[in-house]
Amino acid sequence: MTLPALPEESFQRVLCVVAHPDDMEYGTSAAVARWTARGIEVGYLLLTRGEAGMPNPPEETARLRVAEQQAACAIVGVKHLTVLEHPDGVLVYGLDLRRDICREIRRFKPDVVLRTGYDIETPYGFDQADHFDAVRWLIAPGLAGFGATHGVEVTGEPLRRGIASLEAHAAYLAALPGHPAPGDMIPKFTAMSGKTMGVEHAVLFRAHDLQAPPEFFTEAMED
C-alpha cells in the first residue's frame, strides 16, 4: 500500500509542539523546510529549554541549546519560536502545561498542530480536545508499519536543509558519545519512509482530520 501525501495545499499555518530543543530535527524538520519553501508559516513551541540534556550547568546548557535551536529554525525557515520553561527531565502533564499549550495555539492560530506521540487518542476521539478547538489537522511523526497514514516527500533541498538543521545542534550532539553523523542517519530514515510513498525520501505522519466524524461514529452509522 502506498501512503498518500498530506493535503498540504490546504495548510497555511502549522504549529509544532515538542518537548525539547532538537526534537524537530530528527527528520521532521525536512518536511518543515518543504512547507516554508511553499509559503506555509511554521511555528515551534518547545515546552522545555532542554537544560538536563548535557553535563554542563543547567542554565548554561539551556542558553546553549536554545541558541542552537534558533540556528536550526533559521535553516528551515521557521521564524516563530516560543520556548517555555517547564522543567526538563520531569515534564508533567497537568493544568499548567495545558494552559501554556492552549495559549500558544490561540495566539498562533494554526490550522495544523504537529505533536509527538499518539497518547491523546481515545475510542471516542481526542482527550483534552480543548487544545485543538481551532485546529483542522492534528499530525504526529510516524514510521512505516507503525501507524503512519500520510507522507511528505523531502527529496532534494528539503532533505539537505533538514540535515543541516540537526547539524546546527553541534554542541549538543558532541555531548552524546557515539551519535551518528546527521548526514548519515537522516537520509537512511527518510529513504526507508520514501519507499512507502514511492519516492526517494519522505517523512511520514499519522494524521487526523479533526473536522471529520470520529471513526466509531462512522462505523456505527454504516452498521
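A residue is called buried when its relative accessible area is under 20%. By that criterion helix 1 is mostly covered, with 9 of its 10 residues buried. The structure considered here is a predicted model, with a mean pLDDT of 87 for the protein, and 85% of its residues reach 70 or more. Residues 118-134 have a pLDDT below 50, although this stretch still makes 38 contacts in the model beyond near neighbours in sequence.

The buried residues of helix 1 are Thr28, Ser29, Ala30, Ala31, Val32, Ala33, Arg34, Trp35 and Thr36. Just after the helix, glycine 39 adopts a positive phi of about 90°. The loop that follows helix 1 (28-37) and leads to strand 2 (41-46) also holds arginine 38. The side chain of arginine 38 forms a salt bridge with that of glutamate 8, with an N to O distance of 3.4 Å. This pair links distant parts of the chain, since glutamate 8 belongs to the segment before strand 1 (13-18) and the two residues are 30 residues apart. The two partners can also be described by their accessibility. Arginine 38 counts as exposed because its relative accessibility is 55%, whereas glutamate 8 is buried because its relative accessible area is 8%.

Beyond strand 2, the loop that runs to helix 2 (58-76) contains arginine 49. With a relative accessibility of 16%, arginine 49 counts as buried. Its side chain is joined to that of glutamate 59 by a polar contact of 2.9 Å. When neighbours within four places in sequence are left aside, arginine 49 is in contact with Pro21, Glu59, Ala62, Arg65, Val66, Val83, Leu84 and Glu85.

Attention now turns to helix 3. At 1.5 Å a residue, the 14 residues of helix 3 (residues 95-108) should span 20 Å, and this agrees with the separation of 20 Å between its end C-alpha atoms. Its buried residues are Leu97, Arg98, Asp100, Ile101, Cys102, Glu104, Ile105 and Phe108. Among the elements that cover these buried residues are strand 1, strand 2, strand 3 (80-83) and strand 4 (112-115). Just after helix 3, lysine 109 takes a positive phi of about 55°.

Charged side chains can be followed next. The whole structure contains 10 salt bridges. One of them joins arginine 99 to aspartate 100, with an N to O distance of 3.2 Å. Arginine 99 counts as partly exposed because its relative accessibility is 41%, while aspartate 100 is buried, at 11% relative accessible area. A further salt bridge connects glutamate 157 with arginine 160, whose closest N and O atoms are 2.6 Å apart. Both of these residues lie in helix 4 (residues 157-167), 3 residues apart, or about one turn of the helix. An α-helix has 3.6 residues a turn, so residues three or four places apart point the same way. Glutamate 157 is partly exposed, with a relative accessible area of 41%, and arginine 160 is likewise partly exposed, at 47%. Elsewhere, salt bridges that share partners join Asp96, Arg99, Asp100 and Arg103 into one network.

The cysteines require a distance criterion. A disulfide is a pair of cysteine sulfur atoms within 2.5 Å, and by this rule the structure has 0 disulfides. For cysteine 73, the closest cysteine sulfur is that of cysteine 16, at 9.2 Å, which is too far for a bond. Cysteine 73 counts as buried because its relative accessibility is 2%. Cysteine 102, listed among the buried residues of helix 3, has a relative accessibility of 7%.

A final point concerns strand 7 (residues 137-142), in which alanine 140 is found. Alanine 140 is buried, with a relative accessible area of 3%. Its C-alpha atom is 8.4 Å from that of valine 113, although the two residues are 27 residues apart in sequence.

Terms used. Residues are numbered from 1 along each chain as its sequence is written. This is a predicted model: local features need pLDDT of at least 70, side-chain atom pairs count only at pLDDT 80 or more; totals for chains, interfaces and linings use all residues. Side-chain values use heavy atoms; hydrogens and water are left out. Buried means under 20% relative accessible area, exposed over 50%, partly exposed in between (1.4 Å probe, protein chains only). A salt bridge is a side-chain nitrogen of Lys or Arg within 4 Å of a carboxyl oxygen of Asp or Glu. Helices (H or I, at least four residues) and strands (E, at least two) are DSSP runs, numbered from the N terminus. The expected span of a helix is 1.5 Å times one less than its number of residues. Contact means heavy atoms within 4.5 Å. A polar contact is a pair of N or O atoms within 3.5 Å; within protein, one must be able to donate a hydrogen and the other to accept it, and residues adjacent in sequence count only if both atoms are side-chain atoms. pLDDT is the predictor's confidence in each residue, from 0 to 100.
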